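Hi there,

I'm passing along the structure we talked about, so that you can open it while you read. My notes follow just below it.

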Amino acid sequence: MTSRDLLVEIGFEEMPAAYIPSAVNQMREKAAKMLDDLRLTPAGTSGPTATAVRVLATPRRLALLCSGVPGAQGERTVEVRGPSKSVALTPDGGFSSAAMGFARSQGVKPGDLVVRQTPAGEYVFAVKVDKGRPAAQVLAEAIPALIMALEFPKSMRWGLGEHAFARPVRWLLALLGRDPIEFEVLGVKSGRLTYGHRVLGPGPFEIGQPGEYEDVLARAGVVVDQDKRRKMIEEQVAAVAAAEGGAASVDPALLEQVNYLVEYPAAFAGGFSPDYLVIPTEVLVTTMQHHQRYFPVYDAGGPPAGGGASASGGAFAGGGAAGVPCSGRKLKNCFIAVRNGGSEGLDIVRTGNERVIRARLADAAFFFAEDQKTPLGERVDLLKRVLFQEKMGTYFDKTERVRQAARKIAAAAGISGAALELVDRAAVLSKTDLTTNMVREFPELQGTMGREYGRRQGEDEEVCAALAEQYLPRHAGGDLPATRTGAVLSLADKVDTICGCFLAGITPTGSQDPYALRRQGAGIVSILAAGASGVGGGVRAPLSLMVRSALDLLAPSMGAGEDRVLQEQSRVLEFLKGRVRAFLEDDGIRYDVLDAVLEAGFDDVPSTVARARALQAFLQEEEFARMMVGFKRVANLAREVAPAEVDVRLFAQPEEKALYDSFLSTKGSAEQMLRSEDYASFFKHMAGLREPVDRFLDQVLVMAEDPAVRRNRLALLSNITGLFGRAADLSRVVVS
């Protein structure tokens, strides 16, 4: 039977935009696997990616298109194991009743049974040829299961409550070539009908074959291919912005959201009073993007690099005058919205959108003016009314802890004097903007509003920047604090939250992480790792110091004694070790290098990162492979031996003294390289011990009969591994 194209469309009430990207990925992966499992991949190929699988999506439909699906399942040979040979065959070589019963159960003749050798012995097998069934039959059984296998954050129930999906399903379309695939799922029978845009072409429309699908929907006002639709939105937004004499800020997340809110995009411009431009840019852009799903427009210079507003500073790091991002490009008093439909009645739609944004901005302007009547410094006591977490107290309590933790971190980082006072001031004000009307209305602006109000109230610029930077990074690979004060405040805040949650018994489990502890732990590692290169003023502090300080500050109010503190200290450090490992994995470090480096310690994150990168680079050099054979033997021999003094009087062979002298001449320089963190030179320098080590192992019996001589030789090897082990445990490195 010739191959045909498969089309399956699930039509439903408008699905939340956030659900659709995951549904698309699930459908693509599950459908590819389904076809492979059903043996419906094209002839001569195999594997879940063999068939061309496309998934198209709009707010009202999820469509699967597969090309080249065979008309029937591929033939396969199946072997089913039966009884053992000793049970299946009689002494005269005939078949026993057990063998004949097995043959009947498998639908074969006893004479077709074959004997196969297996690890468990000889057994008889029934060999059957499964010629496969028509594709339409097996797909009719498999597609309902595919649909029901899709998972969503939340599902709705309808009818009498027996049906559940992200949104109620209204129609099902299923075709294999020109033939419909008949099945029923979620109370809906499949057919060959689809529906168009609710206004531009509701339908229904009959689909003759899968190749017609996109064209039929295009005539019905639906751009079903999300990639084409996304490109249309980008081009329309750019054109409309240019017509307004500016350039749009296209935030990728907003673009993705809008793409899954419309079936036929039509971008248009709207405006608002220029008087609102006195409000900070972040407030205006947050209002437009997060609340109204509008694209902001900047002057002809274009939007800031990266586009969009972010409470993290992001594209607006450093701030600027009201309405002017750090790049100097000014926000215009207009926006671009995207309508789900054509151009008819667009003036009415524009007027409605302008009325909504005007009300939003009027609220923001009022909040902005009212908030400034109470300086941030006077808001500290208001934090006593704002609960952070039941067991960890209020935000006032958290502020006091963060203030003390920040001073300890700053001291460890070498910050003192006036700079330390800036850290203290930033910590005092760190959470005060949570009491403002603006942040209550726009939670995304926490930190950002502290920075903006602080500037207008005459706070030091570094303090103001830190108020926003305390929440950085907001996601993997996100912006890091640019100031020392911001880096210290961010570290203190995050480690307080992590330690408090561990003491409160709130720890990440599987997909559950309500306080985003993994993200906050990753943020700590990222800030410390970047500190080595000067980012954030080069803030650097041991993880153990930060964790112990935070636990000591939390323990009294949470009723934790010394034993509990020590227990949680160990658990938190192990948790952070996992974040260090994840950071290095993302950096491309091999798993065995990770094991080797982390075994040598991870308390100093910049050092850990530098050691991992240096060791991985050293693996590529010829000298590494040559030295590893001997060094692995040294590590294995000295594994259970603590470094001890070597007694030269017990040397019995010249190779012992030669190795000891080489070690002493290497040790001083190696320790200096460790202190200066020149790990690349350290590994190369230590490799110079290869020849004396090899000669020692070839000529000297380490496990000598004389206990004193044996201990002395092991002590020598232990000193070598101890020095090397300050950078990495080479015994964990895999040599290919």
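To begin with the overall picture, this is a predicted model, and the protein in it has 25 helices and 20 strands. The C-alpha trace spans about 105 × 100 × 50 Å along its principal axes. A compact globule of 736 residues would have a radius of gyration near 27 Å, whereas the protein comes out at 34 Å.

Half-and-half figures turn up twice here: 50% of the 736 residues count as buried, and carbon and sulfur atoms supply 50% of the roughly exposed surface, which is about 32,500 Å². If you look at contacts between residues at least 6 apart in sequence, 70% of them join residues at least 24 apart. As for charge, there are 86 positive and 91 negative charges, and their mean positions lie 3 Å apart.

One element to look at in detail is helix 20, residues 605-619. At 1.5 Å a residue, its 15 residues should span 21 Å, and because the end C-alpha atoms are 21 Å apart, the expected and computed values agree.

Is helix 20 mostly covered or mostly uncovered? It is mostly covered, with twelve of its 15 residues buried. Among them are Val605, Pro606, Val609, Leu615, Phe618 and Leu619, and the buried set also includes Arg611 and Gln616.

What covers these buried residues of helix 20? The cover includes helix 16 (517-531), helix 17 (543-558), helix 18 (562-586) and helix 19 (591-599), along with helix 21 (622-637) and helix 23 (679-686).

Enjoy exploring it!

Best wishes

Terms used. Residues are numbered from 1 along each chain as its sequence is written. This is a predicted model: local features need pLDDT of at least 70, side-chain atom pairs count only at pLDDT 80 or more; totals for chains, interfaces and linings use all residues. Side-chain values use heavy atoms; hydrogens and water are left out. Helices (H or I, at least four residues) and strands (E, at least two) are DSSP runs, numbered from the N terminus. The radius of gyration is taken over C-alpha atoms; the globule rule is 2.2 Å times the number of residues to the power 0.38. Buried means under 20% relative accessible area, exposed over 50%, partly exposed in between (1.4 Å probe, protein chains only). Contact means heavy atoms within 4.5 Å. Accessible areas come from the Shrake-Rupley method with a 1.4 Å probe; for residues, only the protein chains shown count as cover. Lys and Arg count as positive and Asp and Glu as negative; His and the chain ends are not counted. The place of a charge is taken as NZ of Lys, CZ of Arg, CG of Asp or CD of Glu. The expected span of a helix is 1.5 Å times one less than its number of residues.
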